[in-house]
Each structure stands twice: as structure tokens, then as C-alpha cells.
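Visitor: I have a model open and want to learn how to read it. Can you take me through a few features?

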Amino acid sequence: MTSNYTVTVLGLGAMGLPMASRLASQLTVHGFDIAEPRLRLAEEAGVKTFASARDAAQDTDALLLAVRNSEQLDDVLFGANGVAWVLKPGAVVILTSTVGTEAIPSTVARLAEFGVGLVDAPLSGGPKRAGEGDLLIVVGAEPAALESARPVLELLASTLTVVGDKPGDGQALKTVNQLLCGIHIAAAAEAMALADALGLDQAKTLAALEAGAAGSFMLSNRGPRILEAYSEEGAEVLSRLDIFVKDMGIVGKATRSAGLATPVAAAAEQLYLLGQAHGLAAADDSAVIKVVAPTKRTTGEG
């Protein structure tokens, strides 16, 4: 990998900025964000910033997108200020977001008109791991497009799993991943709410659970933030609750299309929807405990 390879990162938010910073350690990175402070932070990390997405996407080998949903994906690429028209033939778009499988075929077809390939590469891991190149990335892509994207993917991922040779395969596996993640967070919240209701010290309970058969990555990752949910400022927002409203909606649509009953996932989805309805959409997803138990019963640090 050399600095001759250029990657453009559109969106320098919680995930985009650490990814751009990581990539800038070895590659030429262009970046754009509508927020001026994020541009300044990116420049400090060695990213060359631009006044528009189209300017940033000129002459790039790869365009990395971390969009919120399929509507944003379509707008960034093909909207009034879409960048598809300025991408050079042979470039690849690396989609790192969870948007579901439905939007992928039309996106692939439209990009092909510009001679651009799509690498379906949803990721998991959070901002800290993004900056360290420690992400899980699952990929669906044609072999040639995958090879073009490898300089980016290998810098960002500690675990890179090629699921299949067509875009959409990555989204399919990420949908399965999000089913489990959504359930695990909801289950962790219920468990910690029960500990509180039984008068247990939540911090000690969490430590004990982590050491036993009930432990999981999500329990250890979200558990400490769940314990901060009732504080005045709440837990630091590392993953918004409404992201799981979106993701569990994708899960539900996929399972219904497959004719598969997933009652546990459906119940978890309802918790996130209730959280959103109660004004927690922009809170960290660990705040789902406040849907299960609106108030904390015990006092003290537990």
C-alpha cells in the first residue's frame, strides 16, 4: 500500500473521522463533511479536505461511504449533488453502512453505467476500533472490485470476511449480525434492570456476569454504559438508539421476506421503538434500559 492510492471519505462523523485518520496513516485521503469543525479535525489528522463532496471525489480510487440509510446512499451518489458523475471509471464505492439488501441491486446497476463498482462492506466495531484498524468487516463484491478496495479494507479491518462475490452478500450477513446485537443489548438492559429491582449492586452484578457463562461482547461493551443511563447527562453516545430502530427494522423485513418467525428479535425491536417514542432516539442505545425500567430503584454507585 502506498500514498499513490487515493480514497475519499464522505462524512467525517463518529465513524468517518477515525476511519479517515487511520487510512491517512498510509494512503492519500480526501474528505468532506458539512460541519466545519469536523473538517478541521480531519486536516489535523492528515486528511485533505474539500469544499464539496464532488470536489473531494474527483480522481479518487475508492469512495468510502458511511451513510445512515438507503435513502442517503441514493442521495449521495445520484441526488442533485450526487458524486457518481465525477467518479472516474474503474473507481469503487465502498459501502460501510447497514442499509439492507433491497437497495443494492439498483445501486450496482446505476454505478455500472459510470464504470464504477460497488463493494458491499458493512462494518462493526465502533469509533475507537475504527481508529485502530480493528474493525470487523464483512464483504460481498465481485473479485475485481474487491481487489481495488483491499488497500482500504485491510487498513481498517482486523477481521475481514469475504462472504460472497456479489454486492448484497455483505448486507445479508450484517443483517444476521444485527439481529444478534440488537437482542443482546436488549437482554443486557433487562438483566441489569432485574438486578436493580432485586436490590443488587449493578456494577458487581455486571462484573460477575461477565466472568461466567452469561457473558458476551455486548454485555461487556454496553454494560458500563447501561449503568450510566440514569445519570443526568446519560452515557456517552457511541451508538444512537435510533440506529437499532433502523437495523431491527431491516432484520424484521428480511425475516418476513424469508417467511421466518423471529419472535425474540421482534420483541427487541419493540423496545427500541418505544425508546424512540419516549425521546431517546439520539441517546446511546444503552438507554434502552429506561424503557424496561424508567427509573432506577436502588441508590448509590450500583
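Guide: We will go through a helix, a buried residue and a loop residue. This is a predicted model, where local features need pLDDT of at least 70, side-chain atom pairs count only at pLDDT 80 or more, and totals for chains, interfaces and linings use all residues. Residues are numbered from 1 along each chain as its sequence is written, and side-chain values use heavy atoms, leaving out hydrogens and water.

Visitor: How far apart are the end C-alpha atoms of helix α11?

Guide: Helices are DSSP runs of H or I, at least four residues, and strands are runs of E, at least two, numbered from the N terminus. The expected span is 1.5 Å times one less than the number of residues. Helix α11 (residues 241-257) has 17 residues, so 24 Å is expected; its end C-alpha atoms are 25 Å apart, which agrees.

Visitor: Which residues of α11 are buried?

Guide: An α-helix has 3.6 residues a turn, so residues three or four places apart point the same way. Buried means under 20% relative accessible area, exposed over 50%, partly exposed in between (1.4 Å probe, protein chains only). In α11 the buried residues include Leu241, Phe244, Met248 and Val251. Their cover includes α8 (169-197), α10 (217-227) and α12 (263-277).

Visitor: Is Leu146 buried or exposed?

Guide: Leu146 sits in helix α7 (residues 143-156). Its relative accessible area is 6%, so Leu146 is buried. Contact means heavy atoms within 4.5 Å. Beyond four places in sequence, Leu146 touches Val119, Val139, Ala141, Leu153 and Val162.

Visitor: Where is Asp59?

Guide: Asp59 is in the loop between α3 (53-57) and β4 (62-65). Its phi is positive, near 60°, in a residue other than glycine. Asp59 is exposed, because its relative accessibility is 58%.
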